[in-house]
Structures are given as structure tokens and as C-alpha cells.
Amino acid sequence: MSVQVITGNHAAGYALSAAGEANRTSRGTACGIYPITPQTEIVEYVAKFPFSKGRVVPVESEHSAMAVTIGASIAGARAFTASSSNGLAYMTENIMVAGYYRLPIVMVGVNRTLGPPWNIWADQGDTLMLRDFPWLQLYCEDSQEVLDTTLLAFRLAEDHRILLPALTCMDAFIVSHTQTETTMPDQADVDRYLPDLDLPHRMRYDEARTIGGLAWPHEGLSMRLEIDEAMKRVPDVYQECRQRFSEVFGRDPGDVIQTFGTEDATQILIVTGTMATTAREVVRERRAAGEKIGLVKIKMFRPFPEGALREACATAERVAVLDRNYAAGTGGVFWQDTRAAFQGHRDDLLIQNYLTGLCGEDVTPAVIGDILEDLSERDAAGEPVWMGIDTTKETLQ
Amino acid sequence: MNATAPLAHDDKCLLRPGNTNCGGCGMSVGLTMLGRALDKAEDSCSLVIPACCGIVTAGAYPTTSYGVPTIASTFASSPAVASGYASIRDLNNEPGQVICWAGDGGTYDIGLATLSAAAERNENIIYICYDNEIYGNTGGQRSSATPAGARTTTTPTGKVEGKKDIMSIMAAHAIPYAATLSMAHPEDFAEKLATALSMTGMRFLLIHSPCPTGWKSEPEDSIELVRIAVASGLFPVYEVFDGARYRISIKPDGTDPAEYFHRQRRFADDEIDLDETRRVCAERMRRLEVLARSFH
């Protein structure tokens, strides 16, 4: 174990490669890779890694990158890839297939604005567009969390009670290209944490079985129901994977919902990714000044941890959901799911949505201050508020 | 091998009886031939099949008409899925071919970039296109493999453009083996399958595959139609090694192509320019003969 100052991309590349290498005593590892800013360094890291039993296939598109990864996974390999933004959009058909095939593929998604207009900066709209697929989604705040969560994602995805692919997400540049102090696990510990992958439904070369062909409605329905049952098991299995992670690596990879100062908070900020780092400092200052403000960071988005979120906001009277994404015609995606989580449980709770940091805008302490001010002055929740932009200006057209 | 020997109807055969393929379907013949070639070579395979009639052939879950491991891929992805799957086979020293079995839509159109990339990487797979010159599974729309003059649901007055020359495209990748196969010539067909099975790296096989439903032809005419296509030079039967060494397998015998068009109601007799067709066929054969001479 060593401490290094590395980027989020480096952390992701390290975790994916170490996980793949850990399966060398079983069926090995393979992946399809394709570059896109700002995740390119991840696949470059993987391409350079000297796998003992693995093959990295540099393909011609993201669509094929996931297809190669699917083929390897069906053959029982530990398989992974990484992408971002329009690359994820191009890959989407096969992302969906990996989920419905129940393949425990791990993908790192670097959250970048979907174009047009062309924009390489942070926005979570790319991975959130995949929200209705059978994939687990975990959002990270810094390099350490990216590394730990990516390793945990393999164990979680490969658990026989789950068998669903997982997506580890980080904000473009703010995490992907920013170096932070990170504890790097030894391969031997990764080997201990990730046992040989045993995919029960892998295709065997001597077995006459067809997968992915026609299924009548009732069969299809049963398969969907099994996915729902697996999704419902995720919160418990996550805690087991988290516990085992702490035992092996001596570090907590973090809970699905993470709180700061919520024990007595009447007003709570609900955030994801790097917004949490900034918001935590604002909350720390405000609490030192006696304000009853708290912070909730949503780490796991799929499945959405409704119960844990409700529990974290037990004392709140009003919450602000900060969304670095925009679902056209509605508002933020995290806001939608937050509202659904409280519906019928806390109808008294004021839930206000703030769209902030979209298209790579900075979410500064001042922006968070403005949000807290707006939240405290409200009589009721209203339409989502666009931060950092004056929507009354005619020049906006 | 006796190409006409009846198949043993056990569940180990590649295409099991009881599938729902149309009468006169060339794809069924192709699969049967492939199964026999594998048996003769004492080889086995896994199939990767994109969206096409070939995956419908499997029937409904949990039963299957395929007696081998079969993976359905997305329409454009069969060579990429096969690349990942074959990589793990090779890393684990497991036997058996990984064979993509795809229609012309998945080959000439939506999957062309994926196929080109797999060829460029010289993946250790066999890619077989059963070319029925139409999107058969969706009810008969034009593809870039549809020949000029053919009426499809999306070319109701006949296709204006000619057929894409996929063989030249694949040969240009300098893959170890590319060949065209006609089921009117089963010995040559079997020999080419045996050749492909004996090699490693990327192998591409193109089968002219009659489709009575899409061609609006009689099922019993299927083999006769592809025989005329070979004899008249409409479908040249040849093979290319390493993109360089050409060999013409069956020489056209001067048969008039008119009968080929006349027996398919997808063509309107008075709309086919037979003189132009004869000229194009002769020119193509001349070019192939030059290539075959240059490299032998």
C-alpha cells in the first residue's frame, strides 16, 4: 500500500486494471476500449497494463467497445470499460444489452456535457440518461472514492445475488484531471477482495444453449422481475461489500447516502459528486455560526436509496436538491427521484430543485450560499431554479 | 464428404429440425452445410448472431433450434462480441470456432464498420454472411446488397443503385481468407468451409442465399436460381488469400442471366437492362481473371 497524488482517471485505470488482473487465476479479463475526452487516460492506463491473462481490444467505436466487453463477459471473463458523454450515448444500445444479459461488467463514466453545443466539461446528464437500464450507478467525489468504489463495484456486481453491471461516475476534470492524495491498494489485497469470477450463466463452449433470442411476454416479464428482485437486494449486499472492503483495505469506501451535520438540521442540501466537497465546507461554516443546516451526498443513484435518504432527512423541514443535470421539460433527475422518495412519507417536506453546474459551470460557495438563501425564504416549493443565469432576461430568447 | 447424405437428427447437429425457417430458405441450407463441415473437420463452434432471420431461427426461449452455444448480439455488433468471446476462448486454450452468422443488412450496412475493424485487427473468428439481398426479417426492405432493379418495400419501383461489392472491401483488408460460396455447388461450398476451418485469423465467407419470401420466387427454384447466378456471372464464385492471391472457383459458362430475373417476381422483366447486366458481369469476371492470373 502506498500513497500517491493521482487524478481520478488514474485511480479508475488503476482499479479496473487491478480488478482484471485479480481474475488471472480464473478465466482472465478482456475489454474493448475507445477514447473520448475526458476519460481517455483511463483506457490508456488499461492498454498499458501488463495483464497476466488478459486482452485489451482497441476498437473502432464505443458501441463496439461495449460489444467486445459483453462478448468477454459472456465467456466468463472479468470485463470492464470506460466512456463519457456522447460516447456513452453512442454505446447505449450495448449498455442496455449488458444489463439485460445480467453481465457484471464495471464501467467508469466520466460525467461530461452531452453535445451539441460541443462541451467537454462536467455535467451528469450523460450517465443519468441511462437511469432506466438495469445498471447500478455510483457517483464519486475524489480520486480515492473513484478507486475504492470501482473495486467495490466489481464485488457488488459479481455477487450471485446481484449479477448486474455497475457504473462508477466522476465529474469531468474536477475529478478526472485533478490530482489528489490517494491510498493505492496492493495487488495482493485486490486479489483478496475480488475472488475469481464465477459467472453462473456464462456460455460454455460445449453447451448447446442460445441466449438473447426470442422470449414470449411471460418469460420476458419473469426476467424483468428477477432484475427488480436483484435491485432490491443491492442495499444489503452493498453493506457486506463495504464491510469486507474495510476489512481488507482498512478504509471505508463510503455509504450509499452520506451525511454531514444532518442530526439536527432543519434545512438540508442534497448533492452528488464534487458539489459535495464545496457544499460540505459551506455547511461547516454555517453550522459553526449556529445555523441548523446539513448535507446529504447521494453516492448510489441506482438503485435509488429511498429509505436511507428519508432517514437522513428525518429532521428536515426543507431540502434543496442540487442537480448538475437537466431532464428536458421537467427539472433535475435527482430532484425527481427525491420527490418520489418522500411522496406519501413526508408530504410536509418542502423539496426545492436547483439546476446548477450544468454544462461545466462552477458550483462555488457563493452559488451554494444563494441556494440556501432562496431555500430559507421560500413559502413553498416551486419550479426548478436555474442558478447562475437570469431567466428573466430577454436576451436569453 | 457426401453433401447429400441425410443428417443425423440428434440434438448435436448445428441446425436442429423443427425450426421455423421458410421453405426454400438458403440460410437453412447454409447452416446445414456448416454443421456438416464442422463434423467432418471434427471441429465445433459457437455462433454469434446479430439481428437477422438467423436469430429468429433459434425459436423461443428456453428452447433453441441451434445445437451449439449461440449468442444474440445487437445488429451492428456481432464481430465485436465475437472478438471478446474468442479472446477469452484463446486465453483459456479452449477448442472450437467462433462464427458470426449474419445477414446482408448486418454485414453490408449497419455492421460494416464493426466488421471492418474486426478484419483490420485480424480477429481469430469466422464471419459468414448469408446474403439474401434484402432485410428479410423485417419483411423485405432494400439493403446495399440488393441488386439494381429489385423491388422491395422501400424501393417499390425497383432499386436504382447496384449491389455493393463487399468482397472487394473485405479483400482490401488483406485478411487471411475471403471467399464466396454458392449452394448450387455444394462440393466447392464444403471445400471452402473446410479451408476456413483449417485457418486462423479473420475469415470472411459470403453465401448467396436465396429467399423465396423476399425474392418472390418459388421455394423449389431456390437452388436453380443461385445456379443460374453463378453460371451467368451474376454471382462470381472465388476465393482470396491474404487479400492478394485470387482463385476463381467456378467459371461462368455463358448462361444467359435473363432466366434469373424472369423467375423472381421482385424483378419486372421489362425493367431489367439485360445488355447492361451482361456487360457488368463480363467486366467483373474479366477483372477477377486478371487478378487470378497476376497472383498465380
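Okay, let's start with a small puzzle: which residue in β6(B) does A179(B) stand opposite? Have a look at the structure while I get going. One thing up front: what you see is a predicted model.

So, the answer. A179(B) faces L205(B) across in β6(B). A179(B) belongs to strand β5 of chain B, residues 177–182, and the partner strand β6 covers residues 203–208 of that chain. The two strands run parallel, with six bridges between them. To get from one to the other, you go over helix α7, residues 186–198, and the three pieces make a right-handed β-α-β unit.

A179(B) has another opposite number too. E239(B) in β7(B) stands opposite A179(B). That strand, β7, is residues 237–241 of chain B, and three bridges join it to β5(B), this time antiparallel.

Now, is β5(B) mostly covered or mostly open? Mostly covered: six of its six residues are buried. Take the faces one by one. On one side you have Y177(B), A179(B) and L181(B), and on the other A178(B), T180(B) and S182(B), and every one of those is buried.

Staying in chain B, strand β3, residues 97–103, tells a similar tale. Seven of its seven residues are buried. One face has Q97(B), I99(B), W101(B) and G103(B), the other has V98(B), C100(B) and A102(B), and both are covered. Who pairs with β3(B)? Strand β1 of chain B, residues 45–49, does so in the parallel sense over four bridges, and there V48(B) has C100(B) as its bridge partner. Strand β4, residues 126–131, is also parallel to β3(B), joined by five bridges, with Y130(B) opposite G103(B).

Right, over to where the chains meet. How many residues of chain A are in contact with chain B? The count is 39 from chain A, against 38 from chain B. On the chain A side, the elements giving two or more residues are β2, β3, α3, α4 and β9. Helix α3(A) gives the most, with nine residues. By class, that side of chain A has 18 nonpolar, twelve polar and nine charged residues.

There's strand pairing between the chains as well. β9(A) pairs with strand β2 of chain B, residues 70–72, in the parallel sense over two bridges. If you want to find it on screen, look for T210(A), whose bridge partner in β2(B) is T70(B).

On to the sheets of chain A. One is an open sheet of seven strands, with mixed pairing, in the order β3-β2-β4-β5-β7-β6-β13. Why do β3 and β13 of chain A each have a side without a neighbour in the sheet? They stand at the edges with a single partner strand each, so one side of each is left free of a neighbour. On average, neighbouring strands here are turned by 20° against each other, ignoring direction. Inside the sheet, β5(A) and β7(A) run parallel, joined by six bridges, and V110(A) has M170(A) as its bridge partner. Helix α1(A) packs on this sheet, touching β2, β3, β4, β5 and β7, and its direction makes about 165° with that of β4(A). Helix α4(A) packs on it too, touching β4 and β5, at about 125° to β4(A).

Then there's helix α2(A), residues 40–48, where the buried residues include I42(A), V43(A) and Y45(A). The buried residues of α2(A) pack against α1, β2, β3, β4 and β5 of chain A.

Chain A also has an open sheet of six strands, again with mixed pairing: β10-β12-β11-β14-β15-β16. β10 and β16 are the edge strands, each with a single partner, so each has one side without a neighbour in the sheet. At the β16 end, β15(A) and β16(A) pair in the parallel sense over two bridges, with V385(A) as the bridge partner of Y354(A).

Last stop: helix α9(A), which lies across β10, β11, β12 and β14 of chain A, running at about 165° to β12(A). α9(A) also packs with helix α12(A), at an angle of about 60° and with the axes 9 Å apart. The crossing is right-handed. From α9(A) you have T278(A), A279(A), E281(A) and V282(A), meeting P365(A), I368(A) and G369(A) in α12(A). That contact has four nonpolar, two polar and one charged residues.

Notes
Residues are numbered from 1 along each chain as its sequence is written. Chains are lettered from A and ligands numbered from 1 in the order in which they are written. This is a predicted model: local features need pLDDT of at least 70, side-chain atom pairs count only at pLDDT 80 or more; totals for chains, interfaces and linings use all residues. Axes are lines fitted to C-alpha atoms, for helices over the stretch in contact, and angles run from 0 to 180 degrees between N-to-C directions. A crossing is left-handed if the near helix is turned anticlockwise from the far one by less than a right angle, and right-handed if clockwise. Two residues are in contact if their C-beta atoms, placed from the backbone, lie within 7 Å. Ala, Val, Leu, Ile, Met, Phe, Trp, Tyr, Cys and Pro count as nonpolar, Asp, Glu, Lys and Arg as charged, and the others, Gly among them, as polar. Two strands pair if DSSP finds at least two bridges between them. A residue is buried if 20 or more other C-beta atoms lie within 10 Å of its own, exposed if 12 or fewer, and partly exposed in between; C-beta atoms are placed from the backbone. A crossover is right-handed if, with the strands pointing away from the viewer, the path from the first strand over the helix to the second runs clockwise.
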